[in-house]
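Got your viewer open? Let's take a walk through this protein, one selection at a time.

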Amino acid sequence: MSISAWAKSAETWLMTHVPGADWLMLFGAVMAVVTALLVLAWVLRLANRAINTLSNEGKARAARLSKTPGFRILIAPPVKDRPAGKWLQAALSQYLPTFSFGAPFSLVAMGPIKGGLESRSVARARKRMATADADMFLWASRAGNGERGLELHGLSRGGGLSPAEARLFTIALPGARKVRDDDLARAAAYLIAKQLQPALSDPQAFRAEKIRQLANDLDSLLAGEPPISATLRAEIEADFCASGVRVAEELGDVTALDKVIVMRRKHLEAASETADTGRVIQARLELGRALIVRAEKQFDQNIVREAIAQLSQAVEGLRADPMILRAQSASDALFKAQSMIESRKRFSLNFGS
């Protein structure tokens with residue numbers, strides 16, 4: 001019996017002996033259609049994923065072969081907020097040169113990376129970064145419209161690291177679209193520039209003339225009151241104060257000095273017992289140095305006394321630092337070894353044969 005004849009006879013038997021067989025057959029037909037659609041959707045999803053993978057791989061390889069000089073940055077937008085990716089790319093294009101002292105760079109748009117900081121997501125980003133030989137990979141995720149609603153995750157090779165050693169970081173920005181203005185764009189560009197060039201946090205790493213320009217740019221950035229968290233603002237203020245103190249000490253430019261003094265005093269007044277000890281010590285050092293420069297320009301005994309008090313507390317704090325303690329221990333051991341050698345030499349000269 002052929003398959004078609006068997007199917008016909010089975011249908012006839014069902015219609016004769018099974019009540020409601022017509023509805024059962026209709027249900028079976030519907031389920032067959034639904035199953036076919038699900039399989040088709042699954043196949044299309046796999047095909048789309050494969051196309052995206054090949055596309056990203058192609059973009060990364062093209063970036064690696066590019067002869068464009070300077071930093072190479074890969075950017076992946078949030079899965080559910082493509083405009084945020086375009087905004088971030090525009091912010092970097094416009095303001096990154098300001099905070100990287102005009103260093104050339106290229107931005108390469110990549111496909112979204114799901115999962116935020118999940119290990120698979122980080123591994124995928126690290127792989128794409130290695131393929132493109134990029135200096136940084138940025139991807140974003142949306143967590144709402146709050147203060148940390150737009151999280152920028154990244155891997156940075158700043159400081160000469162390999163892709164496998166690239167540092168992982170996260171910068172939390174407001175998620176609401178209405179606050180994505182120029183001030184927030186400048187703040188985002190600076191915070192990303194710091195990850196790309198960690199030396200921006202150390203004013204001694206650049207010429208004083210460059211640091212003066214950086215101090216002016218950071219002053220303008222802070223004056224714009226970007227809608228960022230208090231933690232990020234404190235970080236930018238710390239960099240501004242460090243830059244302003246160096247400019248005042250080396251170039252005699254005291255333009256930013258009064259702002260530095262006000263900011264450091266406020267920071268120390270607000271600091272609590274649980275505050276970051278390192279930041280408090282740094283604030284005391286910067287305030288003390290700024291007060292000394294101010295006293296040099298216009299002597300005031302009270303200012304000098306305040307500078308001495310701040311610097312003394314900073315020194316006391318540094319003495320408790322584990323690194324300082326280890327350095328002191330090593331220095332004591334070195335002095336002891338040198339003393340032993342000197343004592344042996346004197347013994348040989350006085351009592352040797």
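Before we start clicking, one bit of vocabulary: a residue is called buried when its relative accessible area is under 20%, exposed when that value is over 50%, and partly exposed in between. Also keep in mind that you're looking at a predicted model.

**Stop 1: the whole thing**

Show everything as a cartoon. The protein has eleven helices and five strands. It has 353 residues, and 37% of them count as buried. Now think about who touches whom: among contacts between residues at least 6 apart in sequence, 63% join residues at least 24 apart.

**Stop 2: a glycine in a loop**

Select Gly144, in the loop between β3 (136–142) and β4 (150–156). Is Gly144 buried, exposed or partly exposed? Its relative accessible area is 29%, so Gly144 is partly exposed. Now add Gly175 to your selection. Gly144 and Gly175 sit 31 residues apart in sequence, yet their C-alpha atoms are 5.8 Å apart in space. Leaving out residues up to four places away in sequence, Gly144 touches Gly149 and Gly175.

**Stop 3: helix α3**

Next, select residues 82–99, which form helix α3. What span should its 18 residues have at 1.5 Å a residue? The expected value is 26 Å, and the end C-alpha atoms are 25 Å apart, which agrees. Look along the helix for a bend: α3 bends by about 35° at Ser93, and Pro97, a proline, follows within four residues.

Color the buried residues of α3: Ala84, Gly85, Trp87, Leu88, Ala91, Leu92, Tyr95, Leu96 and Phe99. Then step past the end of the helix to Phe101, which has a positive phi, near 55°.

**Stop 4: helix α4 and the loop after it**

Jump to helix α4, residues 119–132, and pick out Ser121. Ser121 has a relative accessible area of 1%, so this serine is buried. Not counting residues up to four places away in sequence, Ser121 touches Ile113, Lys114, Gly115 and Gly116.

Now go to Asp133, in the loop between α4 and β3. Asp133 isn't a glycine, but its phi is positive, about 55°. With 34% relative accessibility, Asp133 counts as partly exposed.

**Stop 5: helix α7**

Our way in is Glu225, in the loop between α6 (208–223) and α7. Here's another residue that is not a glycine but has a positive phi, this time about 50°. Glu225 counts as exposed, at 54% relative accessibility.

Now select α7 itself. It has 22 residues and reaches 31 Å from first C-alpha to last, close to the 32 Å expected at 1.5 Å a residue. Just after α7 comes Gly252, with a positive phi of about 70°.

**Stop 6: the partners of α7**

Keep α7 on screen and bring in other helices one by one. Two packed helices are described by the angle between their axes and the distance between the axes.

- *Add α5 (residues 182–196).* The axes of α5 and α7 come within 11 Å and cross at roughly 65°. These two helices are therefore roughly perpendicular to each other, and the crossing is left-handed. Show the side chains of Tyr190, Leu191 and Lys194 in α5, which meet Leu232, Glu235, Ile236 and Asp239 in α7.
- *Add α8 (residues 257–270).* Here the axes come within 9 Å and cross at roughly 140°. That makes α7 oblique to α8. The contact involves Glu237, Ala238, Phe240, Cys241, Gly244, Val245 and Ala248 of α7, along with Leu257, Lys259, Val260, Met263 and Arg264 of α8.
- *Add α9 (residues 277–297).* The axes of α7 and α9 come within 10 Å and cross at roughly 30°. That makes α7 roughly parallel to α9. This crossing is left-handed. Among the α7 residues that meet α9 are Ala234, Ala242 and Arg246, and the α9 side includes Arg279, Glu286 and Val293.

**Last stop: an arginine in α9**

Stay with helix α9 and select Arg294. Buried or exposed? Arg294 is buried, because its relative accessible area is 16% and the cut-off is under 20%. Show its neighbors to finish: not counting residues up to four places away in sequence, Arg294 touches Val254, Leu257, Asp258, Ile261 and Ile303.

Methods: Residues numbered from 1 in each chain as written. Predicted model: local features only at pLDDT ≥ 70, side-chain atom pairs only at ≥ 80, totals over all residues. Heavy atoms only, no water. Expected span 1.5 Å × (residues − 1). Bend = angle between axes of the 7 residues up to and from the residue. Buried < 20%, exposed > 50% of the residue type's maximum accessible area, 1.4 Å probe, protein only. Contact = heavy atoms within 4.5 Å. Axes fitted to C-alpha atoms, helices over the stretch in contact; angles between N-to-C directions. Parallel < 35°, antiparallel > 145°, perpendicular 65-115°, else oblique. Left-handed = near helix turned anticlockwise from the far one by under 90°.
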